[in-house]
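Okay, thanks for making time, everyone. Let me put this one up on the screen and walk you through it.

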Amino acid sequence: MEEYILLGFVLILSIYLGLELISKVPSTLHTPLMSGANAISGVALVGALVLGSEGQLQNILAFLAVTFASINVFGGYLVTNRMLKMFKKK
Amino acid sequence: MSFLENISTELQNLIYIFASILFITGIKMLGKEDTAVKGNFLSALAMFIAVIVTFLGPEITVNPYIILAGIVVGALIGSLIALKVKMTSIPEMVALFNGFGGLATFFIAWSEFNSNADNTFQYVLIMITTYIGGVTFSGSIVAYGKLSEKLRIQKGSFITKLFTTVFYASLIYLLYAIFLTKTLSLPFDFYILLLALTLIGGIGFVLPIGGGDMPVVISLLNSFSGIAAAFAGLLLTNNVLIVAGSLVGASGLILTVIMAKAMNRSIGNILFVGYALSSTKSSSEETGEVKPINVSDAYLILENASSVLIIPGYGMAVAQAQHVVRELGELLEANGTEVKYGIHPVAGRMPGHMNVLLAEANVPYDVLVEPDDVNPMMDTVDVAVVIGANDVVNPSATEEPGSPIYGMPIIEVHNARTVFVLKRSMSSGFAGVQNPLFFKENTRMLFGDAKDSIGGLVSEFKE
């Protein structure tokens, strides 16, 4: 239980940190920020790597989780990069 | 089973700290124009590091070849979509990727339910993670369908109501699953029912929300996918998941609030009420005369203007007019006119939609201005050109206390000397509210397809 409380601390502090870091975003960057943040949410890939493997269903679930998280990660970062490259100053 | 079973948990956690720092720095830099590209790279690097140390760590039980196969398949699909997609389809692409992230956490929670639900706390976390992940997935898929216009289901239709009912039922069932299942025995597998209800409920969550409210929904789903990842992190006791997931949750939340503020509506009103119910009968049935104008007269006025403000809306995206708009802007500038673009935060179908389109057409971002900056100097603008925008320039928002959109911050083009409104027909905007702007003394309507009209102006200038 103690471990969960520590993790809860990390959760709350990270949310506050996020709110502080991103509070003033120029509207030009709304889409790239959303799509970049979206790529970060693909961090579920890290979780997908450590799933259990007893039985066929577990292996299938692990494979699917890894696959979809990877689509999210690769697609998200590439599309964000493509988009940001278009933004130019005068 | 791991390839190189020699990274200890301690070393792994130390490297996780490093990855977290990179994630935090990356998302911070992503919020500023000059550093955004680098920020995105840093966060990708953080992801790479976190994945590698996890893969080499002691916790891997699944056959590494299965993992590698999943990564390769995912990388191929993801990269292919990302590199092929047209910039105009970005909104639905973001929705789709978002859904896949949610689906991954949905599978994680499912797998943990099968192998690791031994204490109450874990069990509760599994239920919540399943729910958020599943709703994020099916909700995002519906958002994808709506944004790509593949899904056309009427707001008040029977199907919509049916799915919405399942959504509420799924919420109740979630509470039931969290608090009661341990004490009651059921004649069926309660978890499978939760999985199904979650996925169907997510459809019902997004289905009743209209296209004009998409910027809010898509930001909210973005936030959900982060929160789902953070909960999966709690479940798997993995710090880097918690940190990265929370950052995404927070950034999505900020965008959601910005979008809701730009509409002067609460998030609850957008998600659960919608315009249809909140709109009372418009107090003033507009009856004035509209004054149409043709392309050559519009050209004469534009040629003599010394400052022009262009206000794009969803209509510009639909007509794919961003390239001709940029061309017109350049011709005006060559003619000595000052050209700016007024961008409303909720113009289009996602946060920053207009900015992306104009960037694609090579419009530099420093000529894009926000409502707060442009409104005070509106009376110095000679011509305001409204291209496929409606509600975001509706003066009812400032003039008519009875109007459903009263109080919404708008771009006050009616204070400019002359207003051109490019529009297909006289239909009202998404909010279903009549726009008195069209009947103002200084307004001229340029009817027709935006791309053709602007194209006409461009060729007049070239002659």
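Quick reminder before anything else: pLDDT is the predictor's confidence in each residue, running from 0 to 100. And yes, this is a predicted model.

So, where is confidence lowest in chain B, and where is it highest? The low end is helix H11(B), residues 274–278, with a mean of 51, and the high end is helix H2(B), residues 36–55, at 96. Over residues 276–284 of chain B the pLDDT is below 50, and that stretch has 15 contacts in the model beyond near neighbours in sequence. Chain B as a whole averages 87, with 92% of its residues at 70 or more. For the complex, the predictor gives an ipTM of 0.95 and a pTM of 0.88.

Now the interface. We've got 99 residues of chain B in contact with 75 residues of chain A. On the chain B side, H4(B) gives the most, 17 residues. By type, that side divides into 60 nonpolar, 33 polar and 6 charged residues.

Over to chain A, and helix H1(A), residues 2–21. That's 20 residues reaching 29 Å from first C-alpha to last, close to the 28 Å expected. Its buried residues are Leu7(A), Leu11(A), Ser14(A), Ile15(A), Gly18(A) and Leu21(A). Looking down the axis, they fall within an arc of 135 degrees, so they line one face of the helix. What covers them includes H1(B), H8(B) and H9(B). Turned away from that buried side are exposed residues, among them Glu2(A), Phe9(A), Tyr16(A) and Glu20(A).

That's my bit, happy to take questions.

Technical notes. Residues are numbered from 1 along each chain as its sequence is written. Chains are lettered from A and ligands numbered from 1 in the order in which they are written. This is a predicted model: local features need pLDDT of at least 70, side-chain atom pairs count only at pLDDT 80 or more; totals for chains, interfaces and linings use all residues. Helices (H or I, at least four residues) and strands (E, at least two) are DSSP runs, numbered from the N terminus. The expected span of a helix is 1.5 Å times one less than its number of residues. A residue is buried if 20 or more other C-beta atoms lie within 10 Å of its own, exposed if 12 or fewer, and partly exposed in between; C-beta atoms are placed from the backbone. The arc is that of the directions from the helix axis to the C-beta atoms. Two residues are in contact if their C-beta atoms, placed from the backbone, lie within 7 Å. Ala, Val, Leu, Ile, Met, Phe, Trp, Tyr, Cys and Pro count as nonpolar, Asp, Glu, Lys and Arg as charged, and the others, Gly among them, as polar.
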